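User: Please take a close look at one part of this structure, beginning with the surroundings of any bound molecule. I should then like one connected account of how the rest of the fold relates to it.

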Amino acid sequence: MAVNCRMPPNTQCSLSAPITTPTRLHDKLVIMDHLSFFERYPIVSANQSGLSVFYDELPLWSSSFVPELLERAPISQNATIVDLGCGTGFLSIEIAQRCGPNSKVFAIDPWPIANERLRAKLDFIGIENVEVIQKNGIDTGLDAASVDLIVSNLGINNFEEPDRVLRECHRIAKPGACLQMTTNLVGNMKEFYAELNELLRDRNREDLVERVSKHVAHRGTSESVEQLIDQAGFRIVHSSANNFQMHFSDGSALFGHWFIRLAFLPDWMSLFPTADIEWIFSSLEDRLNTRAKESGRFSVTIPVAYFEALRNSDPHLP
Ligand SMILES: C[S@@+](CC[C@H](N)C(=O)[O-])C[C@H]1O[C@@H](n2cnc3c(N)ncnc32)[C@H](O)[C@@H]1O
């Protein structure tokens, strides 16, 4: 059986020892030279206590946006990195490990529960080069011109004041530093909003259609996001926009999905007066179920946009 071992230097690592403590990959760097390969890089056991809590908790949603960012990330040693709007921190953890222990990742997010979760994961895995900072991105508290790389997966579409956050990015970034951001765009779940608007129009509620339109428009377009980044003092060097589809067996499956209820339903409900919520959503569920019966499933389009920019060398804003 594969096991962890965490032993004092010069002790033989037994590959059949029982597992008792979490692996700490970067423990005691100073004595690393004296350790065998397997002492420096202990195997992680699939039976490790606690693994079931921390393994594979990342929602498919967040991971769907990140492949291009990771593929193009300027991974290097001794880098200072910020993960802005890090959430529960899968990207912070990934980049910290890829860059190695001589790099430092500041994982910034004002959401206390996510901070707590990330700290627990860091502790469990034994990662010491990530510092969790519970702060709003408009004021990170980091030194000016101190950061080599800023990453943000699905951050900018969630920041209340994206322009201010981007100006803070400019302040903390070294001249020439890289900014990598992903977001979804206007057009997110357009099939859902089309059904919703049709329902509201059928019931002569143009007043509510207007609210939906405003909500849909709050997401950026590729051009508007590029403009925000540019205005904050970064030069776009690469961008891309693609789509993927999420399929649901019907409307009930969509509304029952845990992540939809966490990340979307509260916003959708907040669009309407309390007195209208029940009829709107139960009628919409019926409508989506009917659509799904006709076509076998209900699918929504998810636009994925990636932006890469370099901080202008001029220390002041353009
Ligand atoms: C969709 S989540 C993405 C989380 C993470 N990057 C991921 O890919 O899983 C958006 C995150 O942005 C955070 N956020 C919202 N406003 C913020 C702000 N002003 N500054 C920093 N983070 C913010 C939220 O708390 C949330 O964790």
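Analyst: The shell around the ligand is made up of eleven nonpolar, eight polar and two charged residues. In this predicted model, the shell comprises 21 residues, of which Ser62, Gly85, Gly87, Gly137 and Asn153 come nearest to the ligand. One of these, Asn153, has the last number in the range of strand 4 (147-153), and this strand is a useful route from the ligand into the rest of the fold.

Strand 4 pairs with strand 5 in the parallel sense, over six bridges. Within this pairing, Ile150 stands opposite Leu179 of strand 5. Both residues also belong to the largest nonpolar core, which has 46 residues: Ile81, Ile150 and Leu179 are those with the most contacts inside it. Setting aside residues up to four places away in sequence, Ile150 touches Val82, Leu84, Cys169, Ala173, Ala177 and Leu179. Apart from this core there is a second, separate one of twelve residues, with Met189, Leu196, Leu199 and Leu288 among its members.

Strand 5 (residues 173-183) is itself well covered. Because eight of its eleven residues are buried, strand 5 is largely enclosed by the rest of the structure. Besides its parallel partner, strand 4, strand 5 has an antiparallel one: six bridges join it to strand 7 (residues 298-311). In that pairing, Met181 of strand 5 stands opposite Phe307 of strand 7.

Strand 7 in turn continues to strand 6 (residues 234-248), to which it is joined by 14 bridges, again in the antiparallel sense. A pair in this region is formed by Arg235 and its bridge partner in strand 7, Leu310. The C-alpha atoms of these two residues are 5.2 Å apart, although 75 residues separate them in sequence. Leu310 also touches Gly176, Cys178, Phe234 and Val237, in addition to Arg235, when residues up to four places away in sequence are not counted. Leu310 is nevertheless classed as partly exposed, because 16 other C-beta atoms lie within 10 Å, whereas a buried residue requires 20 or more.

Helix 5 (residues 90-99) offers a further view of the interior. Its buried residues are Leu91, Ser92, Ile93, Ile95, Ala96 and Cys99. These pack against strand 1 (80-84), strand 2 (104-108), helix 6, strand 3 and strand 4; strand 4 is thus a point of contact for helix 5 as well as a pairing partner of strand 5. Helix 5 is followed by Gly100, whose phi is positive, near 95 degrees.

Helix 6 (residues 112-125) contains Arg117. This residue counts as partly exposed because it has 17 C-beta neighbours inside 10 Å. Arg117 and Gly89 are 28 residues apart in sequence, and their C-alpha atoms are 8.3 Å apart in space.

Two residues in loops merit attention for their backbone angles. Most residues other than glycine have a negative phi. Ala145, by contrast, has a positive phi near 50 degrees, and Met189 has a positive value of about 55 degrees. Ala145 lies in the loop between strand 3 (130-133) and strand 4, while Met189 lies in the loop between strand 5 and helix 8 (190-202). Their surroundings place them in separate classes: Ala145 is partly exposed because it has 14 C-beta neighbours inside 10 Å, whereas Met189 is buried because it has 21. Met189 is also among the members of the second core.

Helix 9 (residues 206-217) provides a contrast to the enclosed strand 5. Helix 9 is hardly covered, with one buried residue among its twelve. From its first C-alpha to its last, helix 9 reaches 17 Å, close to the 16 Å expected at 1.5 Å a residue.

These parts belong to a protein chain with 14 helices and seven strands. Of its 318 residues, 30% count as buried. Among contacts with a separation of 6 or more, 79% involve residues 24 or more positions apart.

Note on methods
Residues numbered from 1 in each chain as written. Predicted model: local features only at pLDDT ≥ 70, side-chain atom pairs only at ≥ 80, totals over all residues. Near = placed C-beta within 6 Å. Nonpolar A, V, L, I, M, F, W, Y, C, P; charged D, E, K, R; others polar. Helix = DSSP H or I, 4+ residues; strand = E, 2+ residues; numbered from the N terminus. Expected span 1.5 Å × (residues − 1). Contact = placed C-beta atoms within 7 Å. Core = buried A, V, L, I, M, F, W, Y, C linked by C-beta atoms within 7 Å. Pairing = 2+ DSSP bridges.
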